[in-house]
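Trainee: Please take me through one part of this model closely, namely the place where a ligand sits and the protein around it. I would like one connected account, with as much of the surroundings as is needed to understand that place.

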2 protein chains.
Amino acid sequence: MKDAIDSHKYNGYAPSVGYLHSREAVAKFYSHPAAPLEGKDVILASGCSQAIELAISVLCNPGQNILVPCPGFSLYKTLAVSLGIQVKLYNLLPEKSWEIDLQHLESLIDEKTACLIVNNPSNPCGSVYTKEHLQHILSVASRHCIPILADEIYGDMVFPGCGFHSMAPLSTDVPILSCGGLAKRWLVPGWRMGWILIHDRNQAFGPEIREGLVKLSQRILGPCTIVQGALESILNSTPQEFYCNTVSFLKSNSEICYTALSTIPGLTPVKPSGAMYLMVGIEMEHFPEFQSDVDFTERLVTEQSVFCLPATAFEYPNFFRIVVTVPEHMMVEACSRIREFCNLHYRASNLETNYLDQ
Amino acid sequence: MKDAIDSHKYNGYAPSVGYLHSREAVAKFYSHPAAPLEGKDVILASGCSQAIELAISVLCNPGQNILVPCPGFSLYKTLAVSLGIQVKLYNLLPEKSWEIDLQHLESLIDEKTACLIVNNPSNPCGSVYTKEHLQHILSVASRHCIPILADEIYGDMVFPGCGFHSMAPLSTDVPILSCGGLAKRWLVPGWRMGWILIHDRNQAFGPEIREGLVKLSQRILGPCTIVQGALESILNSTPQEFYCNTVSFLKSNSEICYTALSTIPGLTPVKPSGAMYLMVGIEMEHFPEFQSDVDFTERLVTEQSVFCLPATAFEYPNFFRIVVTVPEHMMVEACSRIREFCNLHYRASNLETNYLDQ
Ligand SMILES: Cc1ncc(COP(=O)(O)O)c(C=O)c1O
Ligand SMILES: Cc1ncc(COP(=O)(O)O)c(C=O)c1O
């Protein structure tokens with residue numbers, strides 16, 4: 001970053017899709033023999049959020065619909081609705097480590113379906129899909145000729161033992177816009193650097209999608225040039241150790257959390273394999289004082305100062321999401337406070353409670 | 001910027017409207033006794049472009065219309081049209097240093113008019129409005145209860161001798177969103193830092209506008225945090241000399257340009273008072289080889305390698321725009337090439353030409 005500042009080369013306007021050399025650095029970093037990328041296949045944007053906004057805008061017209069994971073990152077719905085695009089939520093299956101319910105997914109597709117959003121690894125689930133599962137998703141998309149918006153911002157943030165597979169190399173025919181950025185793996189979300197990788201299998205997108213993305217990028221003229229100037233060295237010179245440390249920290253914290261919560265009566269955590277999140281089911285029948293996950297998490301913060309997002313925010317009631325990026329001792333402390341909170345409010349069952357009440 | 005990087009305080013997410021201390025720095029910089037500002041009145045955005053996007057989105061609904069200067073910066077129309085908002089162009093008068101044709105402006109207003117955009121100082125005109133003219137504009141807005149989007153990105157970039165007046169302090173009743181940023185006065189357009197100053201006279205906007213801007217800002221989560229971290233010292237520690245040097249350079253260049261072009265037969269430059277532009281009328285009847293200003297400027301670049309934007313890009317045919325930010329010797333060279341080009345293609349008049357042809 002400082003080199004980029006000192007060079008005085010990065011103060012003026014860049015092309016709205018980014019400097020070519022910065023786009024080439026991203027292309028090189030993500031190019032794969034089965035899904036090669038060049039500079040022209042990369043659009044830089046102001047964070048992955050804007051990348052997603054551009055991708056949805058270019059793929060869908062008002063009146064069409066878009067397939068969005070449930071539970072899923074809320075931005076998809078926010079953006080789609082504001083663009084006049086209908087959102088259809090497809091179910092993820094907690095009992096299958098949040099794999100997509102493919103039958104449900106396929107049942108939602110109609111002639112107005114313009115795009116399928118796949119978020120892998122997932123916020124809020126922390127799930128990472130196997131190659132086979134991704135291939136099954138691709139066959140659905142292929143069968144119905146639906147392009148995929150792959151939100152892969154947590155790509156490669158997977159725990160040792162499970163592998164991350166980007167969707168594009170697995171597809172021979174489905175066109176894919178893969179969205180990513182510096183926010184997560186490089187831990188600098190404030191820098192607002194994101195990108196779209198255009199994987200245009202068999203030129204299914206044609207020139208319109210590229211031209212559309214260029215035009216849309218001209219609305220706010222791309223991300224900060226200083227970060228663009230630093231991009232090449234960020235991607236090429238970050239030591240492997242940095243990535244490994246992050247991932248092993250996340251894995252260790254998520255194990256502490258999962259193990260602790262597994263033994264708390266009334267909670268059902270789902271084991272994550274990547275990203276920085278963990279979803280926890282609340283057996284609401286054992287917490288008769290609370291109306292909902294929103295209620296539950298509000299009281300948790302009031303009584304124990306532990307802040308968790310109710311999964312209603314991800315269209316998935318009766319769960320809450322834990323972020324495992326806090327220092328280890330806080331993770332431990334948070335879990336023990338959650339235990340105390342649950343012990344206090346847990347009722348063995350409604351039946352039993354009613355029985356005792358009489 | 002380097003201090004902001006070294007502090008390690010600016011890597012995480014900021015609030016989507018910006019850090020409070022950065023917003024307060026902007027508020028303090030632009031606060032005026034007649035139009036006081038606090039941190040909460042400032043929304044940071046990814047460049048003035050995004051500030052304008054947010055402002056238009058929050059002020060206008062699809063199906064309404066917006067009043068836009070002609071000639072004017074093309075982004076207004078691009079954004080409005082893509083949001084389903086109708087654009088009504090009001091005329092600027094070259095013979096009155098590009099003042100607004102107030103009668104024409106007023107004639108365009110109807111019950112669906114949601115906002116008036118005033119760009120002062122102006123791109124592409126380089127014009128700077130007097131206090132009186134701004135007051136007349138404000139009375140029109142006041143009479144019809146129309147809020148103003150004041151694009152003041154070139155604020156204070158006015159030549160010695162004429163003063164810049166921001167609109168807000170001149171108004172007692174018209175609510176104003178003033179858009180600005182670092183791009184022009186601080187000469188770092190690539191850094192993508194812009195802002196909206198909310199001047200909510202008599203709470204005419206009410207809480208909805210603030211809440212709407214906050215919600216809209218959450219789509220892409222604000223500008224780069226490193227630039228936000230540096231904002232306070234950029235605004236407070238830039239030496240006065242820096243601003244003065246820029247302005248006197250622009251003034252000197254624009255005088256060189258204006259003086260040179262004034263003596264070229266067939267061209268009518270309009271003298272600017274600020275910003276970094278100058279509009280030049282083309283007496284098309286004297287250039288029968290060219291169909292339009294687009295034709296004229298294309299040939300100018302092919303034959304003389306002088307690049308000017310045809311004013312058709314600003315919805316204003318038969319003019320072209322000169323940018324006066326090039327080094328002085330290039331400005332002089334460009335003017336002499338334009339002279340050569342015009343001399344070559346100038347025909348005394350159609351009449352005379354026809355006469356000679358026979
Ligand atoms: C799944 C997912 N996609 C995109 C984003 C947005 O990333 P950025 O900060 O680069 O806009 C987030 C941020 O939390 C996310 O969780
Ligand atoms: C009148 C006007 N408004 C806004 C902008 C956009 O500024 P920014 O680069 O901060 O988005 C420009 C840029 O040329 C401009 O001329």
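Mentor: Let us begin, bearing in mind that this is a predicted model, with Arg192(B), which has a polar side-chain atom 2.8 Å from an oxygen atom of ligand 2. Tyr154(B) likewise offers a polar side-chain atom, here at 2.6 Å from an oxygen atom of the ligand, whereas Cys48(B) takes part through its backbone, a polar atom of which is 2.7 Å from an oxygen atom of ligand 2. Ligand 2 taken on its own has 400 Å² of accessible area, and the protein covers 96% of it.

The three residues just named are all written with the letter of chain B, yet ligand 2 lies between chains A and B. The shell around ligand 2 holds 15 residues, and those that come nearest are Tyr13(A), Ser49(B), Asn123(B), Asp151(B) and Tyr154(B), so listed that a residue of chain A stands beside residues of chain B. Helix H3 of chain B, which runs over residues 47–59, gives four residues, the largest share of this shell. By class, the shell is made of eight nonpolar, four polar and three charged residues.

Ligand 1 can be read in the same order. Ligand 1, too, lies between chains A and B, and it is surrounded by 15 residues, of which Cys48(A), Ser49(A), Asp151(A), Tyr154(A) and Tyr13(B) are the closest. The side chain of Ser49(A) places an N or O atom 2.6 Å from an oxygen atom of ligand 1; for the side chain of Tyr154(A) the corresponding distance is 2.7 Å, and for that of Arg192(A) it is 2.8 Å. The protein buries 96% of the 400 Å² that ligand 1 exposes when taken alone. Here the largest share of the shell, four residues, comes from H3(A), and the shell divides into eight nonpolar, four polar and three charged residues.

Since each ligand lies between chains A and B, the contact between the two chains belongs to the picture. The size of an interface is often given as the accessible area lost when the parts come together. For chain A and chain B the buried area is about 2,700 Å², with 57% of it on carbon and sulfur atoms. On the side of chain A, Tyr13(A), Arg219(A) and Ile220(A) supply 25% of the area buried against chain B, which is more than any other three residues supply. Tyr13(A) therefore deserves a second look, because a residue counts as near a ligand when one of its heavy atoms lies within 4 Å of it, and Tyr13(A) is among those that come nearest to ligand 2. The contact takes 34 residues from each of the two chains, chain A and chain B.

Polar pairing also runs across this interface. Side chains of opposite charge can pair when their charged atoms come close. The interface of chain A and chain B has four salt bridges, and Asp6(A) forms a salt bridge with Lys2(B), in which the closest N and O atoms are 2.6 Å apart. Between the two chains there are 20 residue pairs in polar contact, with both residues at pLDDT 80 or more. The elements of chain A that give two or more residues to the side touching chain B are helix H1 (2–6), helix H3 (47–59), helix H4 (75–82) and helix H8 (225–237). The residues of that side are 18 nonpolar, 10 polar and six charged.

Two of these helices lead on to details elsewhere in chain A. Lys77(A) makes a salt bridge with Glu315(A), at 2.9 Å from N to O; this pair links distant parts of the chain, Lys77(A) being in helix H4 and Glu315(A) in the loop between strands S11 (309–310) and S12 (319–323), 238 residues apart. Pro71(A) is found in the loop between strand S2 (65–70) and H4, and the peptide bond that reaches this proline from Cys70(A) is cis, with omega near 5 degrees. In the loop between helix H7 (206–217) and H8 lies Leu221(A), which has a positive phi of about 65 degrees although it is not a glycine.

Methods:
Residues numbered from 1 in each chain as written. Chains lettered and ligands numbered in written order. Predicted model: local features only at pLDDT ≥ 70, side-chain atom pairs only at ≥ 80, totals over all residues. Heavy atoms only, no water. Polar contact = N/O pair within 3.5 Å; in protein donor to acceptor, adjacent residues only side chain to side chain. Areas by Shrake-Rupley, 256 points an atom, 1.4 Å probe, with all protein chains shown as cover. Nonpolar A, V, L, I, M, F, W, Y, C, P; charged D, E, K, R; others polar. Contact = heavy atoms within 4.5 Å. Buried area = accessible area lost by both parts, 1.4 Å probe. Salt bridge = Lys/Arg side-chain N within 4 Å of Asp/Glu carboxyl O.
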